[in-house]
Each structure stands twice: as structure tokens, then as C-alpha cells.
Amino acid sequence: MLKGPLCTLRHLVSADLNTFIALSNDLASRGEFFSSHFKSPEAIRKEFMLTGFVEEDRECFVIEDNCHHIIGTINHFSGRTPLCREIGYRLFDKELAGRGYISAATRLLVDHLFNTHQRFHRLVLLMDPLNLASERIAQKCGFTYEGTMRQAFFINGAIRDTKTYSLLRPEWQAAKA
């Protein structure tokens, strides 16, 4: 469990599963930047029973507010090289946007990854160029804009560009000093 002043990151437990499935499959909460594709509840349950959403190449945390409500998810997964990890996040309730939850969760996960996994040297965030909220999160968390990959993703019937932001271990260490 990773605790911060604004939120906590923790692994999903069996008691969370029905709530988690309902929140993650709520298409209305996804907005324009997330795929409208969703998994069946049974497929999610099966995956949870097999892995707990924790594997060598990926790990999923739920984000809880201070009242212990699940408000989102944050995960990390294999990047393009063994030194790299990509981070993805999602807030379930649009009413909570702009309150700092995802920035706080991202900082907690970044610190955890760099403190506990010496092999990770580079963390990456990818986002739609129109997703200004996600771009602000990247900037507030010390990530550097690297460029735009043209027509890299297919989301909701459209081929979309994606911006790349990264944070290198030495940059993180310098900010912590």
C-alpha cells in the first residue's frame, strides 16, 4: 500500500471486484480519450483470480480517497525496453477532476518504482494531444515532453496522435535532492 496525504494506492482485493468491474466498465465515465472497449465481468474476474492484476510485466493499483472510496486506477507496464515502464491512469468520476488525485497518485507510483526497482531508468506517459488535463499531470510530476507520435493509436473509431512525456531516474533524483 502506498499512502499519501491525498490518496492511497493499493492492490485490488476480492471484496472490491464488483465495484471495480462496474466502475471500469462505465462507458459514460471514460470520456473521449479512453477506448469504449470493455471486458466482460467474467473475463475480469478470471484475470483477477489468476493474477490479482499483478504480474512481472504489469501491475494495477486502485486509487482510494481518504474516505476509502475507489476513485480511479493507476498502473505500470512494460515499455519498449527493459529499462522503461509506461504508466497509465484513469479517474472514474469526472466530478473529481482537477482536485489533484491523479497527480498525487502518479507521484506515489513514480517514487515507488524508482525506489524499489533499480532496473527502471525511464518512466513514460502517453496521452492524446487534446488531453490537456493529462498533460498538466505530466508537467506537475516532472515529466518532460519528448514529442508526438503521429497516428499511433486507434481510439473510438479514429486514428489519433499521442504525445510522449518521460521522466528519467537522474531527473527524479535531482528533484528529490
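## Exercises on ring pairs and helix packing

F53 has a relative accessibility of 7% and counts as buried. The model used in these exercises is predicted.

**Exercise 1.** Classify the ring pair of F48 and F53, and state whether F48 is buried or exposed.

Solution.
- The structure contains four aromatic pairs.
- In the pair of F48 and F53, the ring centres are 5.5 Å apart and the planes meet at 55°.
- Planes under 30 degrees apart would be stacked and over 60 edge-to-face, so the pair of F48 and F53 is tilted.
- F48 has a relative accessible area of 9%; the cut-off for buried is under 20%, so F48 is buried.
- F48 and F53 also belong to one aromatic cluster with F20.

**Exercise 2.** Describe the geometry of the pair Y145 and Y165, and find which strands it ties together.

Solution.
- The centres of the Y145 and Y165 rings lie 5.4 Å apart, with 55° between the planes, and the pair is tilted.
- Y145 is in strand 8 (residues 144-155), whereas Y165 is in strand 9 (residues 158-168).
- The pair therefore ties together parts that are 20 residues apart in sequence.
- Y165, at 2% relative accessibility, is buried, while Y145, at 39%, is partly exposed.
- The ring of Y145 also has the charged end of K163 sitting over it, 5.4 Å from the ring centre.

**Exercise 3.** Determine how helix 1 and helix 2 are oriented to each other, and which residues make the contact.

Solution.
- Helix 1 covers residues 17-24 and helix 2 residues 41-51.
- Their axes are 10 Å apart and form an angle of about 130°.
- Roughly perpendicular ends at 115 degrees and roughly antiparallel requires over 145, so helix 1 and helix 2 are oblique to each other.
- The crossing of helix 1 past helix 2 is right-handed.
- Helix 1 contributes L17, N18, F20, I21 and S24 to the contact, and helix 2 contributes P41, I44, R45 and F48.
- F20 and F48, both in this contact, are members of the aromatic cluster that includes F53.

**Exercise 4.** Describe the surroundings of T8: is T8 buried or exposed, and which residues does T8 contact beyond its sequence neighbours?

Solution.
- T8 is located in strand 2 (residues 8-10).
- With a relative accessibility of 4%, T8 counts as buried.
- With neighbours within four places in sequence left aside, T8 contacts M1, L2, K3, V62, I63 and E64.
- The C-alpha atom of T8 is 7.4 Å from that of A105, although the two residues are 97 residues apart along the chain.

Note on methods
Residues numbered from 1 in each chain as written. Predicted model: local features only at pLDDT ≥ 70, side-chain atom pairs only at ≥ 80, totals over all residues. Heavy atoms only, no water. Phe/Tyr/Trp six-rings, centres within 6.5 Å; stacked < 30°, edge-to-face > 60°. Buried < 20%, exposed > 50% of the residue type's maximum accessible area, 1.4 Å probe, protein only. Helix = DSSP H or I, 4+ residues; strand = E, 2+ residues; numbered from the N terminus. Lys NZ or Arg CZ within 6 Å of the ring centre and 35° of its normal. Axes fitted to C-alpha atoms, helices over the stretch in contact; angles between N-to-C directions. Parallel < 35°, antiparallel > 145°, perpendicular 65-115°, else oblique. Left-handed = near helix turned anticlockwise from the far one by under 90°. Contact = heavy atoms within 4.5 Å.
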